[in-house]
Structure formats: structure tokens, C-alpha cells
Amino acid sequence: MKKIIGLTSAMLFSLPVFAQSISGAVITLAGNAEIKAENDQAVVTFFIEEQDKDKAAAASRVNQKMKAGTDLIKKEDPQAELHTRGYYSYPIYNDATKTVAGQAPKQQLVGWRTGQYLEVKTQNLKQLPSTAAAAQSILALNGINFGLSDATIAKLESERIAAGYKDFSQKLTMITHTMGKKPEDVVIESLDFDNAGSTMRPMAMAEPMMLRSARAAAPVDAPSFEPGYTSLSIHITGKLKLK
């Protein structure tokens, strides 16, 4: 019994020594948070491609169809932002099968392939299926990417920062309590707000696709789209000093 009492007394006397030893210690603490928001913007990519023995003929058909498709999209969604992307033209050769002794096989030019991409950015998601269907009667749908508009991201900025700082503060309270300190016993020397962006990634431009028919396409049924949501994250790192 005397040994137990002696051990307990030694532990009690050692507590002030521990508390004193952590005074002035520097702690690095990180807070993280993520908020989700429904996507309110779409970036859609259309393209047209033609092939012909005559380079000018292929280019002319591409230009005509792209203009018609562009005008149609503007009519369906006047507020959409349109950007021309990736105009290309390159020769097409046949497979070289005949060889001449001592010479490399020669390829013969058989035509030209020309194409162009059109990027459409819109926040009119209700109208998007009809706009896409109308455009697909002339152009091909190459890809679609949903995300948040700049205005929505700006509105969510304070909410995102508040959520990150709340997580940081909760961790600070738990750590100080565990160490026998109070939050007011801590001096925050620095705070770094990092990773302010969202999880959205810009859509990469697709490589030129295979030849599409030059004939006018039949009417296209409206596609179904699910915009989904985007996660906005934040990482806060702080340097703390115990009094």
C-alpha cells in the first residue's frame, strides 16, 4: 500500500513539470473541409469533320456546317458563350504496297480531312437538351463537362472558408484539452489558407475523330443530362505557440 501511495504522489508531482515543459512549444495544426454544390454550368464541345479529294471542297463544307450549327446554337441559347477551337486540315495517303527495287515505297495523296471544334459554355441547363439536339442535326457532340459558374463559386467562398476554420478550431480545442491547456493559452502565429480551388478540372480538347458523313443528319432526339455536383475543398494550416 505504501508503494502505491508513493507512486501516485510521484505522478501528481510530475504533472506540473509536464505542463511547464510544454509552455512555449510550437504546434503545427491543419484543418480541412469540403462543401458540395449542384453544378449550374455546362461546357459542351461540338465538332464537324469532312473529307474530300479537293482540299477546298472539304474546307468549304466544314465552314458552311459550322456556321449553320453556330447560328442554330445562338438561336436556341442566346446567352451561351461560344468559342472556336482546334481548326485542322491534313492530307490522307493510301497504303503504299508497291515497291521499286532499291527505293522506299511511295504513298499517294488521296484526299484531305478538315475539321473544326466549337466550345459552348452555358448556364441554361434546362434548355441544354434542346440546344444539344438542335446542334446535333448538323454538328457532332464531342463532349460535355458540368461545373460551377464563377458567380456561384464566389458566393460559396465564405461558406467554404468558414467550414475550414471550424474544423481547424475544433481540432485546436481537442488538442489543448488533451495537453491540459485552454484555447486561450494558445497564440496563433500564422495561418495559411491553401487549396482554395474546387475539384473541377478543365476538359481536354479531344483528338480529331474519324470521318463523319457529309450528308445532313436526321433529327436527333433530345439527350438526357444529369449535371451532378462539384466539391469545393479547403486546407488551413496554422502555426501555434503555447503560452
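In which strand does Ile27 lie? Ile27 lies in strand E1, and I shall come back to that residue once the overall layout is in place. Please keep in mind throughout that what we are looking at is a predicted model.

Let me begin with the architecture. The protein contains four helices and seven strands. Followed along the sequence, these elements come in the order α-β-β-α-β-β-α-β-α-β-β. The protein has 243 residues, and 31% of them count as buried. Among contacts with a separation of 6 or more, 87% join residues 24 or more positions apart.

I turn now to helix H4, residues 150-178. How far apart are the end C-alpha atoms of H4? They are 42 Å apart, and this agrees with expectation, because 29 residues at 1.5 Å a residue should span 42 Å. H4 nevertheless has a kink of about 40 degrees, and the centre of that kink is Leu156.

Leu156 is also one of the buried residues of H4. The others in that set are Thr152, Arg160, Gly164, Asp167, Phe168, Leu172 and Thr176. As a general point, an α-helix has 3.6 residues a turn, so residues three or four places apart point the same way. The cover over the buried residues of H4 includes strand E1, residues 26-38, together with strand E6, residues 186-194, and strand E7, residues 229-242.

For a contrasting position in this helix, consider Lys166, which also belongs to H4. Is Lys166 buried or exposed? Lys166 has a relative accessible area of 52% and is therefore exposed. Its C-alpha atom lies 8.6 Å from that of Ala33, although the two residues are 133 apart in sequence. Just beyond the end of H4, Gly180 adopts a positive phi of about 75 degrees.

This brings me back to Ile27 in strand E1. With a relative accessible area of 17%, Ile27 is buried, because the cut-off is under 20%. Setting aside residues up to four places away in sequence, Ile27 touches Ile175 and Met179, and also Gly238, Lys239, Leu240 and Leu242. For Ile27 and Gly238, the C-alpha atoms are 8.2 Å apart in space, while the sequence separation is 211 residues.

Next, the pairing of helices H2 and H3. H2 covers residues 55-76 and H3 covers residues 128-136; they pack at an angle of about 160 degrees, and their axes are 9 Å apart. Why is this pair described as roughly antiparallel? The angle is over 145 degrees, and therefore H2 counts as roughly antiparallel to H3. On the H2 side, Leu72, Ile73 and Glu76 make the contact, and on the H3 side Ser130, Thr131, Ala134 and Ala135 do so. The crossing of H2 past H3 is right-handed.

How many of the nine residues of H3 are buried? Eight are, so that H3 is mostly covered. The buried residues are Leu128, Pro129, Thr131, Ala132, Ala133, Ala134, Ala135 and Gln136. H2 contributes to their cover, as do E2, strand E4 at residues 109-122 and strand E5 at residues 140-147.

E2, then, deserves a closer view. Strand E2 spans residues 41-52, and Gln41 is found in it. Gln41 counts as buried, because its relative accessibility is 15%. Which residues are in contact with Gln41, leaving aside neighbours within four places in sequence? They are Lys121, Thr122, Gln123 and Leu125, followed by Asn145, Phe146, Gly147, Leu148 and Ser149.

Gly147 also appears in connection with strand E7. Thr230 has its place in E7. The C-alpha atoms of Thr230 and Gly147 are separated by 6.3 Å, with their positions 83 residues apart along the chain. The relative accessibility of Thr230 is 3%, and Thr230 therefore counts as buried.

My last residue is Tyr88, located in strand E3, residues 81-93. Tyr88 has a relative accessible area of 11% and is therefore buried. From Tyr88 to Ala59, the C-alpha distance is 9.5 Å, and the two residues are 29 apart in sequence.

To close, I would leave you with two points from this predicted model. H4 has a kink of about 40 degrees centred on Leu156, and H3 has eight of its nine residues buried.

Technical notes: Residues are numbered from 1 along each chain as its sequence is written. This is a predicted model: local features need pLDDT of at least 70, side-chain atom pairs count only at pLDDT 80 or more; totals for chains, interfaces and linings use all residues. Side-chain values use heavy atoms; hydrogens and water are left out. Helices (H or I, at least four residues) and strands (E, at least two) are DSSP runs, numbered from the N terminus. The expected span of a helix is 1.5 Å times one less than its number of residues. The bend at a residue is the angle between axes fitted to the seven residues ending there and the seven starting there. Buried means under 20% relative accessible area, exposed over 50%, partly exposed in between (1.4 Å probe, protein chains only). Contact means heavy atoms within 4.5 Å. Axes are lines fitted to C-alpha atoms, for helices over the stretch in contact, and angles run from 0 to 180 degrees between N-to-C directions. Angles under 35 degrees count as roughly parallel, over 145 as roughly antiparallel, 65 to 115 as roughly perpendicular and the rest as oblique. A crossing is left-handed if the near helix is turned anticlockwise from the far one by less than a right angle, and right-handed if clockwise.
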